[in-house]
Amino acid sequence: MSCEKISNALIAYLDGRANVQERSVVEAHLKVCAACQERAEEFRRLWHVMAEVPAVEPSPAFDARLRQRIAAAPKPKFWGWMIPAPRFALSVALLVVLSIWVGGRQPRPANPQIATANSEEQFRMIKDLGVLENYDVLSNFDALSDLPASTQPAQDQQQKPPSNAPGSGSGA
Amino acid sequence: MARSDVQLMLDVKAGDELSFELLLHKYRKPLVNFLCRMVRDQAAAEDLAQEVFFRVYRARKEYSPSAKFTTWLFRIATNLALNAIRDGRYRQMQISIDAPVAEDEPTFQLPSREARADDRLIERERNQMIRGAILTLPEKQRAAVVLHKYHDMDYAEIGKILGCSESALKSLLFRAYETLRVQLALLVARPAVQAAGEGKPHEL
């Protein structure tokens with residue numbers, strides 16, 4: 001195996017964390033490669049040299065400073081739960097406002113009697129639906145044969161109020 | 001029976017301030033030392049360590065033990081340190097071992113461990129050389145070396161902290177130690193050091 005290929009396993013071999021397979025591969029290579037043997041030895045010495053650097057002691061005021069900082073930090077508000085998702089909260093609020101606004105625009109009958117009359121009329125229409133969907137009844141409906149078929153659209157057009165035309169208002 | 005770090009943090013989450021004090025007491029020194037090796041000086045390291053503990057405390061309500069406590073703690077510390085270094089908030093120590101020395105500059109004498117005169121000064125210069133060499137490593141290599149060498153963490157934990165695979169980490173470590181071996185060749189090659197003992201990673 002080449003020096004490059006064992007390089008990744010070399011550190012694990014030296015710190016004792018290599019598995020059995022890695023260890024045997026590295027050991028086999030070190031037996032035949034003087035350069036890697038020398039490198040491994042220098043890594044060991046390097047670790048020893050690095051261990052010479054002493055650890056530092058945190059300053060005595062470290063804990064007091066931290067406590068002071070924690071005490072000075074603003075306390076979370078009761079509505080703080082909204083902070084992590086302000087967009088969601090805003091969306092919900094907008095949806096509620098929109099629902100109220102749309103609900104307020106629905107036409108409502110001013111007089112309850114009119115409302116009752118409308119509902120009775122709708123009920124009658126629904127009741128007659130079966131008749132209207134019955135082809136036999138409609139095809140033998142005598143009243144339809146009495147109507148003049150060709151003149152009906154023309155009459156409809158003539159009956160349209162002239163005020164619907166653009167520019168036909170009273171101010172023209 | 002001593003509570004585990006995860007249990008202590010869960011107790012902090014439940015409102016036990018004393019558990020936070022215990023965690024602070026246990027990890028204050030390792031964290032300051034880790035950050036001291038990542039940034040230039042101790043004051044900067046302490047500022048960052050304060051920020052780490054403050055964030056841990058602030059996030060206590062959302063804490064869930066998905067990883068080892070140390071992994072979580074050092075990941076916060078590493079991210080803060082890497083951001084601070086990249087932002088240039090903490091200038092790194094500029095020591096170049098190979099740089100040519102100008103005639104009017106005082107020469108940098110290689111300290112010797114056997115030298116009797118002014119041992120303390122020599123020791124300090126050796127330490128400065130080693131710290132300087134570590135500080136010249138790219139940030140991620142530096143973090144990997146410090147966690148491996150000075151905190152004796154295993155590859156899986158360092159990989160989680162740095163967000164890389166074990167294989168990528170081994171490669172990162174090899175390149176970092178190779179750079180240090182070359183930079184500190186004069187110290188590493190000392191025969192006196194050879195006899196000094198084994199080079200197992202040092203635990204704080």
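Colleague: Before the numbers, what does buried area stand for here?

Modeller: Buried area is the accessible area, taken with a 1.4 Å probe, that two parts lose on being put together, summed over both. The model is a predicted one. In it, chain A and chain B bury about 4,500 Å² between them, with 59% of that on carbon and sulfur atoms.

Colleague: Which residues of chain A lose the most area to chain B?

Modeller: Those are Arg17(A), Met50(A) and Phe62(A), which together make up 14% of what the chain A side buries.

Colleague: And how many residues does each chain bring to the contact?

Modeller: Chain A brings 35 residues and chain B brings 55.

Colleague: How many salt bridges cross the interface of chain A and chain B?

Modeller: There are ten across that interface, and the structure holds 19 over all chains. One of the bridges links Asp152(B) and Arg17(A), at 2.7 Å from N to O. It runs from the loop between α6 and α7 of chain B to the loop between α1 and α2 of chain A.

Colleague: Are those two buried or exposed?

Modeller: Neither extreme applies: Asp152(B) is partly exposed at 28% relative accessible area, and Arg17(A) is partly exposed at 27%.

Colleague: What about Arg126(B), which residue does it pair with?

Modeller: Arg126(B) forms a salt bridge with Glu52(A), their closest N and O atoms being 2.9 Å apart. Arg126(B) sits in helix α5 of chain B, and Glu52(A) in the loop between α3 and α4 of chain A. Arg126(B) counts as buried because its relative accessibility is 1%, and Glu52(A) is buried as well, at 14%.

Colleague: Which residues are joined into one network by salt bridges that share partners?

Modeller: Arg39(A), Glu42(A), Glu178(B) and Arg181(B) are joined in that way.

Colleague: Changing topic, which residues touch the most other members of the largest nonpolar core?

Modeller: Of its 85 residues, Leu10(A), Met50(A), Leu35(B) and Tyr177(B) do. Helix α4 of chain B, residues 69–87, gives the most to this core, with eleven residues.

Colleague: What is Tyr177(B) in contact with, leaving aside its neighbours within four places in sequence?

Modeller: Its contacts include Ile11(A), Phe43(A), Trp47(A) and Met50(A) from chain A, and Val145(B) and His148(B) from chain B.

Colleague: One last point: where is Ala14(B)?

Modeller: Ala14(B) lies in the loop between α1 and α2 of chain B. With a relative accessible area of 70%, Ala14(B) is exposed. Its C-alpha is 7.8 Å from that of Lys61(B), although the two are 47 residues apart in sequence.

Note on methods. Residues numbered from 1 in each chain as written. Chains lettered and ligands numbered in written order. Predicted model: local features only at pLDDT ≥ 70, side-chain atom pairs only at ≥ 80, totals over all residues. Heavy atoms only, no water. Contact = heavy atoms within 4.5 Å. Salt bridge = Lys/Arg side-chain N within 4 Å of Asp/Glu carboxyl O. Helix = DSSP H or I, 4+ residues; strand = E, 2+ residues; numbered from the N terminus. Buried < 20%, exposed > 50% of the residue type's maximum accessible area, 1.4 Å probe, protein only. Core = buried A, V, L, I, M, F, W, Y, C linked by side-chain atoms within 4.5 Å.
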